[in-house]
Amino acid sequence: MSRLRIYALALLGGAILLTSTQVAAKRKSKAQREKEAEVAAKVQSTLDELVGNSNPLVRRAVFQAQLELNDSQRTAAILRGVDEKDWAIQKIGLDLALNGRDKKLKKKASAILVKLLESGEKEDRENGYDLLKKAFKKKAQLKHMRAAAKNGTIDARDHARAQLLAEGGKVAWGVIKAGLAEPPDQPEHAQALKALAEFRGQAAYSWALVRLHADGEEGVLARRYLVEFDDRRLNKKLNASLKKAYAKAKGQFEKRVKLAYVLSGRGFIGLVRDT
């Protein structure tokens with residue numbers, strides 16, 4: 001075992017011992033309490049000296065040890081952890097700050113999280129999402145993702161949309177629908193088309209019906225979606241609607257071809273064989 005590892009364990013051990021003796025202090029003699037106070041002072045003095053050590057492994061040991069001490073030491077550790085350059089420490093500090101009671105510190109940690117999520121650097125964003133999923137529940141996570149998709153750098157917006165698309169359902173459909181409304185030359189539009197090709201959620205049902213006869217890639221994707229659509233409550237209604245539209249489109253070859261494609265894909269080949 002390395003000296004650094006032994007030292008780190010010693011720091012943690014001293015901190016835990018100090019905490020346990022503080023809890024039981026009332027049951028001990030004056031001499032014992034004085035001895036423990038002396039030990040506590042030495043442990044805290046050692047930790048204070050190592051706070052700014054250049055070795056991140058030492059700082060991690062000090063940070064963990066201080067979290068085990070009294071409230072003032074714990075608060076000091078969290079304050080320092082929020083601004084740490086070593087992510088292993090900063091992640092814990094930010095998480096504790098975001099879920100703590102200190103409003104000022106929570107506000108500062110939130111600003112750092114937003115900066116990470118909106119960063120143009122991949123590592124920053126990955127750290128941000130790692131923290132986001134650890135520190136917040138789903139509703140708050142989605143709020144931060146949507147904000148990053150709107151306010152971040154180009155890469156950050158793309159990253160945030162990808163995270164939202166991965167949620168599936170209505171959340172993903174919201175991203176797709178917004179992307180389709182963007183001009184075709186925008187990255188949001190291309191990303192939406194790619195996601196739509198794999199999207200099978202019910203949220204797109206009404207959109208697909210409206211665009212059944214559309215030309216271009218959106219029309220193709222809408223018809224493909226309807227072919228593969230499968231919902232016990234809506235299947236019967238959809239099939240009846242398609243059959244009715246097919247019969248009504250007699251003499252309108254272009255419409256009939258598109259309806260025939262969907263109907264044949266849904267198993268009604270005999271009905272559309274002539275077309």
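A residue is called buried here when its relative accessible area is under 20%, and the views below come from a predicted model.

**Figure 1. Overall make-up of the predicted model, which has 16 helices and zero strands.** Of the 275 residues in the protein, 40% are buried. When contacts between residues at least 6 apart in sequence are considered, 51% of them join residues that are at least 24 apart.

**Figure 2. Close-up of Leu193, a residue of helix α11, which spans residues 187-196.** The relative accessible area of Leu193 is 11%, and because the cut-off for a buried residue is under 20%, Leu193 counts as buried. Leaving aside its neighbours within four places in sequence, Leu193 is in contact with Leu180, Glu217, Glu218 and Leu221. One of these partners, Leu180, is 13 residues apart from Leu193 in sequence, while the C-alpha atoms of the two residues are 7.1 Å apart in space.

**Figure 3. Close-up of Glu84, placed in the loop between α4 (71-82) and α5 (87-98).** Glu84, although it carries a side chain of the charged class, is buried, with a relative accessible area of 10%. The side chain of Glu84 reaches the backbone nitrogen of Asp86 at 2.8 Å. Apart from neighbours within four places in sequence, the residues in contact with Glu84 are Arg59, Ile89 and Gln90, and the last two of these fall within the residue range of α5, the helix that follows the loop.

**Figure 4. Close-up of the packing between α5 and helix α6, the latter comprising residues 103-117.** The axes of the two helices lie 8 Å apart and form an angle of about 130 degrees; angles of 65 to 115 degrees would count as roughly perpendicular and those over 145 as roughly antiparallel, and α5 and α6 are therefore oblique to each other. Their crossing is left-handed. On the α5 side, the residues that take part are Trp87, Gln90, Leu94, Ala97 and Leu98, and they meet Leu105, Lys106, Ala109, Ser110, Ile112, Leu113 and Leu116 in α6. Sorted by class, the contact of α5 with α6 has nine nonpolar, two polar and one charged residues. Gln90 belongs to this set of α5 residues, and Gln90 is also among the residues in contact with Glu84, as shown in the preceding view.

Conventions:
Residues numbered from 1 in each chain as written. Predicted model: local features only at pLDDT ≥ 70, side-chain atom pairs only at ≥ 80, totals over all residues. Heavy atoms only, no water. Helix = DSSP H or I, 4+ residues; strand = E, 2+ residues; numbered from the N terminus. Buried < 20%, exposed > 50% of the residue type's maximum accessible area, 1.4 Å probe, protein only. Contact = heavy atoms within 4.5 Å. Polar contact = N/O pair within 3.5 Å; in protein donor to acceptor, adjacent residues only side chain to side chain. Axes fitted to C-alpha atoms, helices over the stretch in contact; angles between N-to-C directions. Parallel < 35°, antiparallel > 145°, perpendicular 65-115°, else oblique. Left-handed = near helix turned anticlockwise from the far one by under 90°.
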